[in-house]
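Okay, thanks for making time, everyone. Let me put the model up and then walk you through it.

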Amino acid sequence: MVDGNTVGLRAQDLAAFRGERLVFRDLSFAVGPGGALVLAGPNGSGKSTLLRVLAGLGRLEAGILLWNGTDALVDLADHAARVAYIGHQDAVKPGLTVAENLGFYARLLGRGIGDALSALGLTELAELPARMLSAGQKRRLALSSLALTDAPLWLLDEPTLGLDTAAIARFGTLLAAHRARGGIVIAATHVPLPLGDVAELRLG
Amino acid sequence: MKGCLAILARELRLSLRHGADTLGALLFFVLAASLFPLAIGPAPETLGRLAPGIVWVCALLAALLPLDRLFGADLEDGSLDQLLLSGLPAFAIAGTKGLAHWLVTGLPLLLAAAPLAVMLRMPEDAIPALLAGLLPGTLLLSLLGTTGAAIVLGARRGGVLLPLLVLPLTTPVLIFGVAAADAASGGLSARPHLLLLAAMLAGALPLCPLAAGAALRGAAE
């Protein structure tokens with residue numbers, strides 16, 4: 001039964017392929033405003049695939065994804081506006097500076113950088129070409145784009161990979177502020193995230 | 001629209017930063033065309049007769065060179081996912097990328113074609129027809145090339161597949177482009193050939209970005 005009154009994200013009987021392999025089926029969950037869901041499970045259990053499906057990037061083989069009670073994936077451009085997705089890759093152009101990288105995503109959203117640089121402590125690195133950054137710094141740059149968006153649904157794939165403890169603490173502040181605004185966080189991870197109370201969904 | 005401008009600005013900035021890659025196609029064009037006088041001899045009659053074909057074939061091959069990286073870099077570093085989630089329709093992303101390819105590769109080829117044609121002893125009155133054909137021609141090459149690049153995206157050995165896919169599609173462009181210049185050097189009107197090129201452009205302008213956009217979505221899956 002589809003409950004038309006659910007606020008937030010509701011998934012019913014999802015199934016998806018990766019390549020030729022069915023990675024998950026009959027997957028159902030719901031996350032309300034301010035909620036957080038952590039996807040757990042061994043490597044290859046379909047966490048990244050599920051996140052891509054939720055973002056509207058991957059193909060859903062079966063089931064239905066509801067946003068505030070209506071089918072979320074009917075209009076992909078509409079869905080894209082409510083999603084912020086941070087995948088495995090950092091989507092950082094090595095030839096551009098830190099500020100230019102972030103500025104591009106700000107322009108795509110039609111706004112300025114504001115204080116997004118300071119959200120994860122990148123102010124000092126602003127004019128540095130991104131190719132000079134370490135893996136952890138690149139990750140911080142990718143996560144900084146979360147401070148630009150007001151998309152209610154954050155989909156994060158191993159967000160803290162390579163981050164030091166100070167950066168994880170700043171990231172925790174970002175997550176808490178997002179959830180306080182009524183935002184939803186769905187994250188795939190193998191390590192504990194700075195999230196407070198979370199629901200867990202085990203895959204595989 | 002704003003989003004498209006942001007993508008275009010970033011593409012142009014990246015091309016400036018990677019100047020060697022950007023100039024590569026242009027230098028290939030000039031060098032490849034310069035080989036012909038060495039290979040077939042500098043006799044003006046022979047060379048001038050072949051010049052339109054040489055310029056066109058070299059421009060075609062040079063335009064193919066940067067296509068491999070047009071979407072490849074974005075797919076590898078995850079930028080493509082972010083572009084698809086920017087709220088812009090996929091065809092607008094593909095169209096903007098195609099425009100960036102033309103500005104960075106097609107337009108310099110067009111500008112270099114005139115001196116190259118002079119070097120190849122092309123009859124002077126045929127050069128305007130050659131350039132008038134190359135203007136829609138290079139735009140068509142960018143559009144078809146963008147579509148091809150989007151379709152082979154994510155495929156193994158995509159770099160080999162790409163010319164095999166794009167070159168057959170560009171044959172009508174080549175035929176009418178060279179025919180326009182040949183007609184002008186023979187004292188005939190180049191107009192029908194140019195109109196046919198413009199008609200092809202009018203068809204490709206909406207269709208190629210749509211096909212490329214669909215292919216981009218497929219590649220992201």
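So, start at strand E3 of chain A, residues 36-40: four bridges tie it to E9(A), and the two run parallel. Strands here, like helices, are DSSP runs numbered from the N terminus, with at least two residues for a strand (E) and at least four for a helix (H or I). Two strands count as paired if DSSP finds at least two bridges between them. If you want a spot to zoom in on, Val38(A) sits opposite Glu200(A) of E9(A).

Before I go on, the housekeeping. This is a predicted model, so remember that local features need pLDDT of at least 70 and side-chain atom pairs count only at pLDDT 80 or more, while totals for chains, interfaces and linings use all residues. Residues are numbered from 1 along each chain as its sequence is written, and chains are lettered from A and ligands numbered from 1 in the order in which they are written.

Back to the sheet. Five strands make up an open, parallel sheet in chain A, in the order E6-E7-E8-E3-E9. At the edges you have E6 (83-86) and E9 (199-202) of chain A, each pairing on one side only.

Now, helix H3 of chain A, residues 98-108. Buried or exposed? Well, 11 of its 11 residues are buried, so the rest of the structure largely encloses this helix. By buried I mean 20 or more other C-beta atoms within 10 Å of the residue's own, with C-beta atoms placed from the backbone; exposed is 12 or fewer, and partly exposed is in between. Charged side chains are on that list too: the buried residues include Glu100(A) and Arg107(A).

And what covers H3(A)? The cover includes H4 (116-119) and H5 (135-144) from chain A, along with H1 (2-17) and H5 (79-84) from chain B. Just after the helix comes Gly110(A), with a positive phi near 75°.

That brings us to the interface. The contact takes 22 residues from chain A and 20 from chain B, where contact means C-beta atoms, placed from the backbone, within 7 Å. On the chain A side, H2 (76-81), E6 and H3 each supply at least two residues. H3(A) gives the largest share, four residues.

Last thing, the whole chain. Chain A has six helices and nine strands, and buried residues make up 42% of its 204 residues. Its C-alpha atoms fill a box of roughly 50 × 30 × 30 Å along the principal axes.

Terms used
Two residues are in contact if their C-beta atoms, placed from the backbone, lie within 7 Å.
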